[in-house]
Amino acid sequence: MRIKGSLVLGGIVSELISKIYDKILEADKVLEEIIHRTPLDKSRTFSQMVKGEVYLKLENLQKTGSFKVRGAYYKIHKLPDDDKKKGVVAASAGNHAQGVAYAASMAGVHAKIVMPIFAPIAKILATRGYNAEVVLYGTTFDEALSKALEISQVEKRTFIHAFDDEDVIAGQGTIGLEILRSLPNPDIVVVPIGGGGLISGISIAIRKKLGNSVKIIGVQTEAFPGALEAVKGIKVEAKPWATIADGIAVKKPGKITTKIIGELVDDIITVNDDEISRAIFLLLERGKTLAEGAGAVSLAGLL
């Protein structure tokens, strides 16, 4: 149950959210010497376009070029020493791959990453550059995920999920704490949704501080509206099944993230590739900021 200006939850979801919030506070300390505290940049151009103050959280300036290193490092940091010796495995189209690879290298842990065959070559090379072993398998994230789970069982490696893991969600949630340090009372926070780890973590961090005085809006590519379908029960029949926003090309959110999104996120909208492409162009031309499709969907949704 939600009440304006405060947050009143019940049962298992309340316990889950409180548990993850405690982990977010711990992760914030663990990541202090590991990540960049990325800037929250006010955009004059986009503020004028939407007739409101618009701030961009520049996680494209993060190590590995994405927020994924936050959750990956915190997850690996929490592993027992015996599990660290056996190594880790993950599945990703690119950003989580680089995050896990970098985090594992920082922790002295061997990483094996399963990537779909369509993964951008730049991300494959970057992942290998962080000393991870890359396995190319399948044409979708879900196929790569199945292979990674198989490797986890056979080789006894710890599987690092891209989004449906409490520690991973907590690591991503540190972004929410950073937003509030720079902007204590935002009215609306707009977040991309793929599997839901990012918006889950940010929502917990912000709701715990501000309750329902802030609106949290999720944005998906219309090619992969899994969270919209799972949370709102809206079945989208006609899907392109291809998108410029490959970083959020996930068929459905996780079990944990679906619960959190359903409780804490006010609305979910979708954008098409033309709108995403326009946002990428405007970010580059007017904001002098380079973002991939998955990173530009929030601005696309706002515009």
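# Exercises on a predicted model

In this predicted model, α9 passes α11 in a left-handed crossing. The exercises below start from that helix pair and then move to the sheets and the cores.

## Exercise 1. Helix α9 between two helices

Task: Describe how α9 packs against α11 and against α8, and state how the axes are classed in each case.

Solution.

Step 1. Take α11, residues 255-264, first: its axis and that of α9 come within 9 Å and cross at roughly 45°. That makes α9 oblique to α11, because angles from 65 to 115 degrees would be needed for roughly perpendicular and under 35 for roughly parallel.

Step 2. List the contacts. On the α9 side they are Gly197, Ile199, Ser200, Ser203, Ile204 and Arg207, which meet Thr257, Ile260, Ile261 and Leu264 of α11.

Step 3. Turn to α8 (residues 166-182), which packs on α9 (residues 197-210) with the axes 7 Å apart and an angle of about 45°. These two helices are therefore also classed as oblique to each other.

Step 4. Give the handedness: α8 passes α9 in a right-handed crossing.

Step 5. List residues at this second contact. From α8 they include Ile169, Gln172, Gly173 and Leu180, and from α9 they include Leu198, Ser200, Ala205 and Leu210.

## Exercise 2. Ser200

Task: Is Ser200 buried or exposed, and which residues does Ser200 touch beyond four places in sequence?

Solution.

Step 1. Place the residue: Ser200 belongs to helix α9.

Step 2. Apply the cut-off. Ser200 has a relative accessible area of 0% and is therefore buried, the limit being under 20%.

Step 3. Name the contacts: Ser200 touches Ile169, Thr257, Ile260 and Ile261. Ile169 is among the α8 residues that meet α9, while Thr257, Ile260 and Ile261 are among those of α11 that meet α9.

Step 4. Add a separation. From Ser200 to Ala245 there are 45 residues in sequence and 19 Å between C-alpha atoms.

## Exercise 3. The sheet of 4 strands

Task: Give the strand order of the open sheet of 4 strands, identify the edges and follow the pairing around β5 and β6.

Solution.

Step 1. The order is β7-β6-β5-β8, and the pairing is parallel.

Step 2. The edge strands are β7 (133-136) and β8 (158-159); each has a single partner strand, so one side of each has no neighbour in the sheet.

Step 3. Between β5 and β6, which run parallel, there are 4 bridges. Val88 has Ala111 as its bridge partner in β6.

Step 4. Between β6 and β7 the sense is also parallel, over 4 bridges, and Lys112 stands opposite Glu133 of β7.

Step 5. Look at the side chains of β5. Val88 and Ala90 point one way, Val89 and Ala91 point the other way, and all are buried. In a regular strand the side chains alternate between the two faces of the sheet.

## Exercise 4. The nonpolar cores

Task: Which elements supply at least two residues each to the largest nonpolar core, and which of them gives the most?

Solution.

Step 1. Start with the members. The largest core has 26 residues, and Ile76, Val88, Val100, Ala111, Ile113, Met115 and Ile160 touch the most other members.

Step 2. The elements that each supply at least two residues are α3 (68-77), β5 (88-91), α5 (95-107) and β6 (111-115). The largest share, 6 residues, comes from α5.

Step 3. Separate the second core, which has 21 residues and includes Phe67, Leu180, Ile193 and Ile268.

Step 4. Examine one member of the first core. Beyond four places in sequence, Ala111 is in contact with Val88, Val100, Ala104, Ala132, Glu133 and Arg157.

Step 5. Set this beside a nonpolar residue with another environment: Ile121 lies in helix α6, residues 121-129. Ile121 has 56% relative accessibility and so counts as exposed.

## Exercise 5. The sheet of 3 strands

Task: Describe the open sheet of 3 strands and the helix that lies across β9, β10 and β11.

Solution.

Step 1. The order is β9-β10-β11, with parallel pairing. β9 (188-192) and β11 (267-271) are at the edges, each with a single partner strand, so one side of each is left without a neighbour in the sheet.

Step 2. Neighbouring strands here are turned by 30° against each other on average, direction ignored.

Step 3. β9 pairs with β10 (residues 215-221) over 5 bridges in the parallel sense; Gly218 in β10 is the bridge partner of Val191.

Step 4. Helix α13, residues 293-302, lies across β9, β10 and β11 and runs at about 140° to β9.

Methods:
Residues are numbered from 1 along each chain as its sequence is written. This is a predicted model: local features need pLDDT of at least 70, side-chain atom pairs count only at pLDDT 80 or more; totals for chains, interfaces and linings use all residues. Side-chain values use heavy atoms; hydrogens and water are left out. Two strands pair if DSSP finds at least two bridges between them. Axes are lines fitted to C-alpha atoms, for helices over the stretch in contact, and angles run from 0 to 180 degrees between N-to-C directions. Contact means heavy atoms within 4.5 Å. A nonpolar core is a set of buried Ala, Val, Leu, Ile, Met, Phe, Trp, Tyr and Cys residues joined through side-chain atoms within 4.5 Å. Buried means under 20% relative accessible area, exposed over 50%, partly exposed in between (1.4 Å probe, protein chains only). Angles under 35 degrees count as roughly parallel, over 145 as roughly antiparallel, 65 to 115 as roughly perpendicular and the rest as oblique. A crossing is left-handed if the near helix is turned anticlockwise from the far one by less than a right angle, and right-handed if clockwise.
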